[in-house]
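Trainee: Before we go through this model, I would like to understand how each label attached to it is justified. Could we take the labels one at a time and set each value against its cut-off?

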Amino acid sequence: MSDMQRSLPALGRLSYSLGHFLNDLCASMWFTYLLVFYHAVLGFQNSYAGVLLLVGQVADAICTPLVGYESDRTPGCGNYGKRKTWHLVGTLSVMLSFAFIFNQCLGCDSLTPQWVSLTYFVPFIIVFQFGWAATQISHLSLIPELVTCEHAKVELTAYRYAFTVIANITVYALAYLLFHVQARGDNDPLSDELGPEDMPVFRNLALIVLSIGAFFSLFFHLGTKERRFVVEAGGEEESERKRTEEEEEEGERTPLLLHPKNKSPLLQWKCWLKQPAFYQVALLYMSTRLIVNLSQTYISMYLINTLGLPKKFIATIPLVMFLSGFMSSFIMKPVSKRIGKCLTYFVGLLLILAFSSWVLLDDKMGQRVYGAAALLGMGSATILVISLSMTAELISDQTQSGAFVYGAMSFTDKLANGVAVMIIQALHPCHTVICCPACVWFYHYIMVIVTGGVAIVATLALCSILIWPIKIRPRDLPDISEDESRIN
């Protein structure tokens with residue numbers, strides 16, 4: 001196997017894919033149920049619920065590039081790899097904070113002012129978002145370090161997304177079961193509506209999610225071996241010999257960054273800011289995340305307020321979305337290999353536009369929403385996997401600054417999502433907990449805009465990549481010696 005064709009064994013792919021499972025479980029609850037929980041269950045105003053989500057997204061946006069920068073430059077804890085060290089820090093932060101977000105303010109009651117409860121939740125949200133960012137960036141940064149073949153990167157990203165889908169399916173299946181168990185002991189005819197009595201459902205769901213995620217995070221840390229490149233002064237030959245022996249034992253025959261005959265300059269974080277491809281991929285990734293996250297955030301509001309469906313649908317419809325996405329993730333590698341990444345991404349955009357058109361034209365969808373949800377799920381899975389693989393393609397062999405690139409991409413995504421949600425919440429026509437007639441059409445058009453409208457922006461970003469393909473342009477790059485560019 002050549003140095004450009006290194007891949008992972010099946011067990012290595014499995015353990016890596018599980019490393020983001022806790023994040024995916026928590027993100028599913030965060031994006032799907034945060035607004036619903038704080039508005040319908042805790043009774044927060046629309047603007048207050050939006051502020052909490054904005055605080056979380058801004059905190060994530062700030063932490064993400066900082067974590068990426070530190071992850072690139074710090075050596076890790078002892079013999080533990082630098083990526084896995086940051087992953088462990090992030091996992092512990094998520095475990096310690098997430099349960100408090102989906103629970104009532106301790107010591108609060110119905111007479112407690114909402115601004116007091118708002119102040120209470122903010123620190124937990126910030127700690128959670130720091131942990132989420134640390135786990136996400138360290139996990140993504142392992143992709144170009146573990147594999148070098150482009151199709152292997154797509155495959156690993158697809159497996160990663162497949163387990164993301166499984167995590168979402170787990171959350172929605174658990175939510176459905178908890179709602180079902182609650183309904184069996186409730187003879188109230190209004191039990192199909194969300195209210196304060198549903199707080200135990202969300203609290204128990206958060207606790208179950210943390211328990212499952214902690215188990216899979218342990219499996220990731222035990223099963224994934226991060227390569228460490230430590231070179232001592234005057235001992236390069238010995239270090240090279242040891243590194244070669246270690247890689248042969250693992251079935252890998254060449255190191256990651258050594259290409260003596262044709263070596264590209266190593267980019268530090270400042271150099272990325274001068275690369276046009278960096279901004280092309282950032283725009284594409286931001287548009288992709290806006291479609292995926294905003295549709296996931298407002299699908300529950302659309303189902304309950306616009307279509308008037310029972311509360312169990314906020315579990316079953318997202319479940320259909322992610323089941324369809326799960327199925328499509330397995331055909332991603334052969335399709336992208338046959339028609340290319342750009343055309344595969346465009347197919348995903350066509351599915352998103354089909355969903356948006358269906359929602360726009362069918363204002364009394366009813367049970368037909370299951371078909372529309374399947375289109376949205378397949379389209380979202382396709383564009384998300386391909387956008388991540390394009391980011392890995394941009395990084396290529398520049399793994400020494402890979403975490404910064406992923407951090408910068410996520411920065412644009414988080415900030416854009418937070419601002420978008422705050423704008424939507426500020427434009428909400430109702431100022432009461434109960435949905436007024438105007439909000440029926442409000443969420444209808446929000447679902448059209450956050451899918452079809454943003455898909456048009458993503459199409460423009462894709463066109464720029466078709467015209468100017470993703471590659472590192474060498475002009476204006478500083479000459480960096482091997483000694484200066486090597487990191488521990």
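Trainee: What makes C63 count as buried in this predicted model?

Mentor: The relative accessibility of C63 is 16%, and since buried means under 20% relative accessible area, C63 is classed as buried.

Trainee: Is C463 buried, partly exposed or exposed, and how do you know?

Mentor: C463 has a relative accessible area of 35%; buried would require under 20% and exposed over 50%, so C463 is partly exposed.

Trainee: How do you know that C463 is in no disulfide?

Mentor: The nearest cysteine sulfur to that of C463 belongs to C342 and lies 9.5 Å away, whereas a disulfide is a pair of cysteine sulfur atoms within 2.5 Å, and C463 is accordingly left unpaired.

Trainee: Which cysteines are then joined, and what makes that pair a disulfide?

Mentor: C105 and C108 are joined, with an S to S distance of 2.1 Å, a value that falls within the 2.5 Å limit; the structure holds one disulfide. Both partners are buried, because C105 has a relative accessible area of 7% and C108 one of 16%, and the cut-off is under 20%.

Trainee: Turning to the helices, why are helix 4 and helix 8 called roughly antiparallel?

Mentor: The axes of helix 4 (residues 82-101) and helix 8 (residues 199-223) cross at roughly 165° and come within 10 Å; angles over 145 degrees count as roughly antiparallel, and the two helices are therefore given that description. Their crossing is left-handed. Among the residues that make the contact are L88, V94 and F98 of helix 4 and L207, L210 and F220 of helix 8, and by class the contact comprises ten nonpolar, four polar and one charged residue.

Trainee: Why, then, are helix 3 and helix 4 called oblique?

Mentor: The axes of helix 3 (residues 46-73) and helix 4 come within 8 Å and cross at roughly 140°, an angle that is not over 145 and lies outside both the range under 35 and the range 65 to 115, so helix 3 and helix 4 are oblique to each other. The crossing of this pair is right-handed. V67, E70, S71 and D72 of helix 3 meet K82, R83 and W86 of helix 4, a contact with two nonpolar, one polar and four charged residues.

Technical notes: Residues numbered from 1 in each chain as written. Predicted model: local features only at pLDDT ≥ 70, side-chain atom pairs only at ≥ 80, totals over all residues. Heavy atoms only, no water. Axes fitted to C-alpha atoms, helices over the stretch in contact; angles between N-to-C directions. Helix = DSSP H or I, 4+ residues; strand = E, 2+ residues; numbered from the N terminus. Left-handed = near helix turned anticlockwise from the far one by under 90°. Contact = heavy atoms within 4.5 Å. Nonpolar A, V, L, I, M, F, W, Y, C, P; charged D, E, K, R; others polar. Buried < 20%, exposed > 50% of the residue type's maximum accessible area, 1.4 Å probe, protein only.
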